[in-house]
Amino acid sequence: MTIKKTQPDRNKLDQIVTDARRNQELREQSYRGQALKLYPWVCGRCTREFDHKTLTELTVHHKNHNHDDNPSDGSNWELLCLYCHDNEHSRYEETRFDSSKSGKSTAPVATHNPFADLKSLLGSKK
Ligand SMILES: [Zn+2]
Ligand SMILES: [Zn+2]
């Protein structure tokens, strides 16, 4: 007597799909997950605290603004709430364009004038 198991490998297939999807999510979320493990769930600017319910509003900021720079010690990450993160980025844009005016620039002195490029760009774009 043979009992045929006609059940297809549905479960296995489901498992593979689930795994693939999870892996993709993990990859996208990996630095966030690592940062959330490393740091307390508190915004680095406004010190707002987060829990599992509000965690979606807590984001990982890259201090050097390079999202591909993810050292595992977390030295390039900073946890910021959505608002402060937004703020941080608009400030970054400002300082980039305003660095010649603000005397307290911490950035290294540029060897070329960024506005020279800007001028020619503006000139060519009529
Ligand atoms: Zn904040
Ligand atoms: Zn950021």
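The protein chain holds three helices and two strands, where helices (H or I, at least four residues) and strands (E, at least two) are DSSP runs numbered from the N terminus. From the N terminus on, these elements follow the order α-β-β-α-α.

This is a predicted model, in which local features need pLDDT of at least 70, side-chain atom pairs count only at pLDDT 80 or more, and totals for chains, interfaces and linings use all residues. Residues are numbered from 1 along each chain as its sequence is written, while chains are lettered from A and ligands numbered from 1 in the order in which they are written.

The pLDDT is the predictor's confidence in each residue, from 0 to 100. Its mean over the protein chain is 81, and 66% of the residues reach 70 or more. The lowest and highest element means are tabulated here.

| Element | Residues | Mean pLDDT |
|---|---|---|
| helix α3 (lowest) | 114–124 | 61 |
| strand β2 (highest) | 77–81 | 97 |

Where pLDDT is low, the predicted coordinates should not be read in detail.

Of the 126 residues, 10% count as buried (20 or more other C-beta atoms within 10 Å of the residue's own, with C-beta atoms placed from the backbone). The largest nonpolar core (buried Ala, Val, Leu, Ile, Met, Phe, Trp, Tyr and Cys residues joined through C-beta atoms within 7 Å) has ten residues: Y31, A35, C43, L58, V60, W77, L79, L80, C81 and C84. Two or more of them come from each of α1 (10–38), β1 (58–62) and β2; β2 gives the largest share, four residues.

Leaving out residues up to four places away in sequence, C81 touches C43, C46, R48, E57 and L58; contact means C-beta atoms, placed from the backbone, within 7 Å.

How values were computed: Buried ≥ 20, exposed ≤ 12 C-beta atoms within 10 Å, placed from the backbone. Contact = placed C-beta atoms within 7 Å.
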